[in-house]
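User: Please take me through this model. I would like short answers with the reasoning shown.

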Amino acid sequence: MVHLYRDLPQEVPVPFEVDVLEHDEGTGLLVVDKPPFLATMPRGRHVAETVVVRLRRALDLPEIAPVHRLDRLTSGVLLLTTRASARAAYQRMVQAGGLRKTYEALAPARDDVDLPLTVRTRIVKERGSLQARSVAGEPDAVTHVELLGERAGRGHYRLTPQTGRTHQLRVHLAGLGMPIDGDPLYPTVRPVDPDDLGTPLQLLAAGLSFVDPVTGQDRDYASRRRLPISGVDGSA
């Protein structure tokens with residue numbers, strides 16, 4: 001298989017490494033710890049500086065593909081496969097709701113929000129809009145929110161999504177009046193240079209667990225990264 005990537009005149013290198021947590025050659029499973037600012041797969045102006053392209057080149061495995069995705073700004077545990085033949089079993093597992101995810105985030109502390117709580121809304125993202133939003137209707141996005149700790153007015157939260165809507169965690173926390181630190185989209189869009197790698201989103205995919213659909217083995221992975229996530233200048 002040959003992958004061709006168009007030349008991009010101004011693709012700024014992301015100076016953070018993709019850490020491999022598990023490479024199971026038998027099942028074709030690949031689990032990595034993604035840094036901020038690195039897209040999961042090629043899209044738009046990001047091609048070479050993506051998890052998929054970096055790993056295909058570094059591991060010389062041209063069939064690497066994601067089983068699910070993380071936003072470019074989100075850090076943490078990401079599941080991929082190294083062979084096209086292995087992909088379907090893991091994708092079916094995800095589609096059936098078998099991938100359990102845990103996130104952590106830093107956001108404003110709020111005395112008027114009674115935690116823990118479960119947020120249930122209906123989320124839509126209209127074509128051409130940068131933001132997703134909660135609207136009236138049957139809920140299709142569910143997130144459990146817990147406070148792990150508080151310091152200097154900032155809360156450290158654990159987020160357990162039961163669904164996987166676009167920007168779900170960001171929309172739900174912003175809706176509680178607790179927008180995630182470093183978020184350029186919620187609650188309002190603010191202009192950010194796309195090449196600015198200094199202010200990471202303080203959202204971490206802290207853990208994944210699932211029953212391996214190939215082996216039946218319980219698998220549990222935790223990110224080695226910790227909040228606050230630092231940018232290129234050491235800021236958080």
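The questions below go from the overall fold to single residues and salt bridges.

User: In what pattern do helices and strands follow one another along the chain?

Analyst: The model is predicted. The chain holds three helices and 11 strands. Read along the sequence, they give β-β-α-β-β-α-β-β-β-β-β-α-β-β.

User: How compact is the chain for 236 residues, and what is its radius of gyration?

Analyst: The C-alpha trace spans about 55 × 45 × 35 Å along its principal axes. For 236 residues the globule rule gives 18 Å, and the chain comes close to that, so it is as compact as a globular protein of that length. The radius of gyration is 18 Å.

User: Among contacts between residues at least 6 apart in sequence, what share joins residues at least 24 apart?

Analyst: Contact here means heavy atoms within 4.5 Å. Of the contacts between residues at least 6 apart, those joining residues at least 24 apart make up 63%.

User: What share of the exposed area do carbon and sulfur atoms supply?

Analyst: Buried residues account for 45% of the 236 in the chain. The chain exposes about 12100 Å². Carbon and sulfur supply 47% of that area.

User: How far apart do the centres of the positive and negative side chains lie?

Analyst: There are 30 positive and 30 negative side chains. The centres of the two sets are separated by 5 Å.

User: Which strands help cover the buried residues of H1?

Analyst: Helix H1 runs over residues 51–59. Its buried residues include Val-51, Val-52, Val-53, Arg-54, Leu-55 and Arg-56. Just after H1, Asp-60 takes a positive phi of about 55°. The cover over the buried residues of H1 includes strands E2 (29–34), E3 (65–66) and E4 (75–81).

User: Is Thr-74 buried or exposed?

Analyst: Thr-74 sits in the loop between E3 and E4. Beyond its neighbours within four places in sequence, Thr-74 contacts Lys-34, Pro-35, Tyr-103, Leu-201, Leu-203 and Ala-205. Its relative accessibility is 3%, so Thr-74 counts as buried.

User: How far apart in space are Glu-146 and Leu-117, C-alpha to C-alpha?

Analyst: Glu-146 lies in strand E8, residues 141–151. At 23% relative accessibility, Glu-146 is partly exposed. Its contacts outside four places in sequence include Pro-116 and His-156. Glu-146 and Leu-117 are 29 residues apart in sequence, and their C-alpha distance is 6.9 Å.

User: With which residue does Asp-24 form a salt bridge?

Analyst: The closest N and O atoms of the pair are 2.8 Å apart. The pair links strand E1 to strand E11, 195 residues apart. Asp-24 is buried at 19% relative accessibility, and its partner is buried at 4%. That partner is Arg-219.

User: Which residues are linked with Asp-24 and Arg-219 in a network of salt bridges?

Analyst: The whole structure has 14 salt bridges. Besides Asp-24 and Arg-219, the network links Glu-22 and Asp-212.

User: Which residue pairs with Arg-54 in a salt bridge?

Analyst: Arg-54 is among the buried residues of H1. The closest N and O atoms of the bridge are 2.7 Å apart. The partner is buried too, with a relative accessible area of 13%. It is Glu-49.

User: How many residues apart in sequence are the parts tied together by Asp-181 and Arg-154?

Analyst: Asp-181 and Arg-154 form a salt bridge, with closest N and O atoms 2.4 Å apart. Asp-181 is in the loop between helix H3 and strand E10, while Arg-154 is in strand E9. The parts so tied are apart in sequence by 27 residues.

How values were computed
Residues numbered from 1 in each chain as written. Predicted model: local features only at pLDDT ≥ 70, side-chain atom pairs only at ≥ 80, totals over all residues. Heavy atoms only, no water. Helix = DSSP H or I, 4+ residues; strand = E, 2+ residues; numbered from the N terminus. Rg over C-alpha atoms; globule rule 2.2 N^0.38 Å. Buried < 20%, exposed > 50% of the residue type's maximum accessible area, 1.4 Å probe, protein only. Areas by Shrake-Rupley, 256 points an atom, 1.4 Å probe, with all protein chains shown as cover. Lys, Arg positive; Asp, Glu negative; His and termini not counted. Charge placed at Lys NZ, Arg CZ, Asp CG, Glu CD. Salt bridge = Lys/Arg side-chain N within 4 Å of Asp/Glu carboxyl O.
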